[in-house]
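Let's take a stroll through this one together. Have a look at the fold before reading on, and keep the viewer open as we go.

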Amino acid sequence: MFAEHAFALPLIFAALMGLSILAYVVLDGFDLGVGILFPFADNGERDRMVAAIGPFWDANETWLVLAIGLLLVAFPAAHGMILTALYLPVAVMLVGLILRGVAFEFRAKVAPPQKAMWNAAFFAGSLMTALSQGFMLGLYIMGLVWTPFTVGFALLTAVCLAAGYAFIGATWLIIKADGALQKKAVRWARRGLYGVLAGLGAVSLASPLVSPRIFDKWFTVPDVLFLAPLPLLAVALVAMIYVSLRHLPDSRDRFAFVPFVAATVLFAVCFAGLAFSFYPYVVPEKLTIYAAASAPESLAIILVGTIFVLPVIIGYTVLSYFIFRGKAGELRYD
């Protein structure tokens with residue numbers, strides 16, 4: 001019984017942490033992307049873009065807190081190793097999140113001449129956060145090693161993730177906006193799709209090349225046959241996004257949800273492939289989830305708390321999206 005718990009509990013917490021990271025990347029990804037798109041919109045459009053994310057962005061960031069919290073309590077050894085290696089980009093991300101949050105509130109309350117400064121701060125905070133997260137992803141894939149090559153790859157993934165966030169932000173605006181802003185969002189999404197493809201290509205090539213273990217997982221028979229549906233599904237989703245963007249916006253606003261939903265599934269498929277590649281390691285090639293996990297007794301107690309917390313987070317996330325469904329209205333802070 002003890003051996004079963006020692007195997008199952010780390011796996012459960014790894015799955016919960018993966019779910020939290022995926023939810024954060026999709027949900028906070030689109031509102032970070034809206035901030036990154038700020039320089040390409042005029043003042044009136046910027047207010048509508050903020051109105052499109054205003055009811056959701058606080059709840060979206062909860063998933064990041066949950067993911068880091070699970071890493072800390074369930075895998076404390078890995079938490080120390082990962083955050084020590086990523087101390088600098090984590091600090092940049094926190095500064096970006098703070099700058100973005102302050103700018104979000106101030107831009108609508110300051111005198112009109114000062115609004116441009118806070119719009120720039122909102123863009124800068126969104127871009128800093130996206131770039132730092134992309135840098136962390138790249139360095140994680142490279143095994144958390146700082147060399148000129150790994151830093152160069154991390155810089156590439158930083159740019160690609162920022163482009164990916166801008167892409168999914170544009171697909172969100174296609175749903176929430178109409179008129180000229182919706183047409184702009186379609187054009188932004190078409191261009192952002194190339195950044196997504198560049199990022200997927202870079203990660204797909206680098207992951208098996210930096211680790212013989214990951215290479216064997218993906219390119220040996222019969223595993224390659226079982227895994228083939230993942231890249232095929234990703235190609236099909238990219239084709240669906242491309243075709244749908246070619247036919248949007250629709251005069252009756254039909255199918256506006258297709259690019260965002262397809263992008264969400266695409267992100268989930270890519271995340272599943274990445275998780276499969278690195279399993280069972282939580283620190284690439286150094287520390288498995290079983291070696292890094294807390295004692296089974298501790299994990300059992302934490303799991304009880306998680307069973308209560310997770311449904312609450314899911315519940316208020318779903319509720320907020322249901323209440324504020326439909327097109328974004330006038331920007332209001334009262």
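Start with residues 224–243: the C-alpha atoms at the two ends of this span sit 29 Å apart, and the span is 95% helix with 0% strand. Bear in mind that what you're looking at is a predicted model. Why pick that stretch? The unreviewed UniProt entry lists 224–243 under "transmembrane region", along with 7–27, 66–99, 120–143, 149–173, 193–212, 255–279 and 299–324. Swing over to residues 7–27 and you'll find 100% helix, 0% strand, and end C-alpha atoms 31 Å from each other.

Now for a helix you can look at face by face. H5 covers residues 87–106, which makes 20 residues, and from its first C-alpha to its last it reaches 29 Å, close to the 28 Å expected at 1.5 Å a residue. Which of its residues are buried? In H5 those are Pro89, Val90, Met93, Gly96, Leu97, Arg100, Gly101, Ala103 and Phe104. Look down the axis of H5 and these buried residues fall within an arc of 165°, so they line one face of the helix. The spacing has a familiar ring to it: an α-helix has 3.6 residues a turn, so residues three or four places apart point the same way. Turn to the face of H5 that points away from the buried side, and there you meet the exposed residues Tyr87, Leu88 and Ile98.

Next stop, Thr157. You'll find Thr157 in helix H7, which runs over residues 148–176. Its relative accessibility is just 3%, so Thr157 counts as buried. What does its side chain meet in there? A polar atom of the Thr157 side chain lies 2.8 Å from the backbone oxygen of Gly134. Leaving aside residues up to four places away in sequence, Thr157 touches Gly134, Phe135, Gly138 and Val203, so Gly134 turns up both as the polar partner and among the contacts.

Finally, the cysteines. How many disulfides are there? With a cut-off of 2.5 Å between cysteine sulfurs, the count is zero. Take Cys160: the closest cysteine sulfur to its own belongs to Cys270, and at 12 Å that is too far for a bond. Cys270 is likewise in no disulfide, its nearest cysteine sulfur being that of Cys160, 12 Å away. Buried or partly exposed? Cys160 counts as buried because its relative accessibility is 10%, whereas Cys270, with a relative accessible area of 26%, is partly exposed.

Terms used:
Residues numbered from 1 in each chain as written. Predicted model: local features only at pLDDT ≥ 70, side-chain atom pairs only at ≥ 80, totals over all residues. Heavy atoms only, no water. UniProt positions renumbered as here; feature names shortened; annotations may be inferred. Helix = DSSP H or I, 4+ residues; strand = E, 2+ residues; numbered from the N terminus. Buried < 20%, exposed > 50% of the residue type's maximum accessible area, 1.4 Å probe, protein only. Polar contact = N/O pair within 3.5 Å; in protein donor to acceptor, adjacent residues only side chain to side chain. Contact = heavy atoms within 4.5 Å. Expected span 1.5 Å × (residues − 1). Arc of directions from axis to C-beta.
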